[in-house]
Amino acid sequence: MDRLRVKYRMVLLNDDSFAEKFSFRLTALNVFIAVGVISIIMVALVTSIIAFTPLREFIPGYAAEISTKRNLIALSLKTDSLEEVAKAREDYVKNLTSVLNGSPDPKPEKGRIDSTKKYKRINIKNSKDDSAFRAGYESQDKYTLSINAISKGKNSIAGFFFFTPVKGRVTSSYSAPTEHYGVDVAAVENDPVKAALDGTVIFSGWSSETGYVIQIQHANNLVSVYKHNSALLKKTGEYVKAGEPIAIVGTSGEQSTGPHLHFELWYNGLAIDPQDYIVF
């Protein structure tokens with residue numbers, strides 16, 4: 001240990017003038033510790049790269065195992081598909097043969113009943129607790145998105161389940177007297193705008209006042225309108241599903257003062273308040 005702690009000085013000199021440029025003191029113990037730490041770091045780094053990156057596939061033998069598994073999975077999927085196709089063709093040939101021979105359609109085989117189960121003893125009636133739970137849950141109208149609360153009147157669209165286009169804060173509500181026929185929902189810029197219901201895009205374009213606008217025709221003469229988007233993801237004539245992204249939140253148009261979505265609902269040609277049907 002005493003020899004390991006003996007100090008040495010390493011000096012760098014100019015070969016022409018012998019002027020000292022750099023010097024530092026070191027011991028054998030310090031050199032050993034530095035080399036050991038660097039070696040451990042290098043081993044850990046190389047191990048991590050091999051273990052957690054695609055480089056492990058270049059290890060001899062490993063890549064072959066991975067490719068073999070992938071090939072086996074692909075072959076199993078193809079085998080299942082071929083079996084389904086073969087079975088479908090076999091059924092088709094049997095049906096065609098029976099039609100040509102004039103024989104009646106074969107009756108489908110009945111499923112075997114598990115004799116270990118006592119089906120007659122199974123009680124399928126609702127218990128008192130179950131009935132009470134169902135009644136209590138169904139009475140909680142404030143937690144449902146269905147339009148059961150407004151099932152009467154000219155603007156009735158009972159049974160619709162709306163998907164919230166964007167999550168945010170309503171900055172301007174529906175107001176027919178001021179000709180504001182929708183709601184303004186402040187949202188995060190570049191967030192996706194989603195379709196409220198299944199339907200067909202009837203308009204996808206630009207206007208100077210409302211920017212990028214998209215309109216969707218739904219069932220029962222219901223139309224939803226989405227304005228002030230930064231980009232449109234669907235074209236006119238495309239069919240969209242509820243919750244499918246159709247645009248990107250933005251602030252396009254002269255009437256926009258910040259990133260938000262102006263959302264409107266029109267039923268039978270009349271504007272209705274979206275907040276009566278959707279919780280933003």
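A nonpolar core, as I use the term in this notebook, is a set of buried Ala, Val, Leu, Ile, Met, Phe, Trp, Tyr and Cys residues joined through side-chain atoms within 4.5 Å. I keep in mind throughout that this is a predicted model.

**Entry 1: the core.** I looked up the largest nonpolar core and found that it has 28 residues, and that those with the most contacts inside it are Ile-157, Phe-162, Val-193, Leu-222, Tyr-226, Ile-246 and Phe-263. I then asked which strands supply at least two residues each of this core, and I noted strand S4 (183–186), S7, strand S8 (222–232), S10 and S11. S11 gives the most to the core, with four residues.

**Entry 2: Phe-263.** I listed what Phe-263 touches once residues up to four places away in sequence are not counted, and among its contacts I wrote down Pro-165, Gly-182, Val-183 and Ala-196. The list also includes Ser-224, Val-225 and Tyr-226, as well as Pro-274, Ile-278 and Phe-280.

**Entry 3: strand S8 and its partners.** Is S8 largely enclosed or largely open? I found that eight of its eleven residues are buried, so S8 is largely enclosed by the rest of the structure. Next I went through the strands that pair with S8, beginning with S7, which runs antiparallel to S8 and is joined to it by six bridges. One of the pairs I checked is Ile-214, whose bridge partner in S8 is Tyr-226. The two strands form a hairpin with three residues between them, and in the turn I noted Asn-220, which has a positive phi of about 60 degrees. S8 is also joined to S11 by six bridges, again in the antiparallel sense, and here I found Val-223 opposite Trp-266 in S11. With S10, S8 pairs antiparallel over three bridges, and Asn-229 stands opposite Val-249 in S10.

**Entry 4: strand S4 and its partners.** I turned to S4, which pairs with strand S3 (residues 169–172) in the antiparallel sense over three bridges, and I noted that Ser-172 stands opposite Asp-184 in S4. S4 is joined to S11 as well, by four bridges and running antiparallel, and the bridge partner of Ala-186 in S11 is His-260.

**Entry 5: Ser-256.** I looked for Ser-256 and found it in the loop between strand S10 (245–249) and strand S11 (260–267). Is Ser-256 buried or exposed? Its relative accessible area is 12%, and because buried means under 20%, I recorded Ser-256 as buried. Leaving aside its neighbours within four places in sequence, I found Ser-256 in contact with His-228 and Thr-251, and the side chains of Ser-256 and Thr-251 are joined by a polar contact of 2.7 Å.

**Entry 6: Ser-208.** My last search was for Ser-208, which has its place in the loop between strand S6 (199–207) and strand S7 (211–218). Its relative accessible area is 42%, and I therefore entered Ser-208 as partly exposed, the range for that word lying between 20% and 50%. Which residues are in contact with Ser-208, leaving aside its neighbours within four places in sequence? I found Gly-253 and Glu-254. For the pair Ser-208 and Glu-254, I also noted a separation of 46 residues in sequence and of 6.2 Å in space, taken from C-alpha to C-alpha.

Definitions and conventions:
Residues are numbered from 1 along each chain as its sequence is written. This is a predicted model: local features need pLDDT of at least 70, side-chain atom pairs count only at pLDDT 80 or more; totals for chains, interfaces and linings use all residues. Side-chain values use heavy atoms; hydrogens and water are left out. Buried means under 20% relative accessible area, exposed over 50%, partly exposed in between (1.4 Å probe, protein chains only). A polar contact is a pair of N or O atoms within 3.5 Å; within protein, one must be able to donate a hydrogen and the other to accept it, and residues adjacent in sequence count only if both atoms are side-chain atoms. Contact means heavy atoms within 4.5 Å. Two strands pair if DSSP finds at least two bridges between them.
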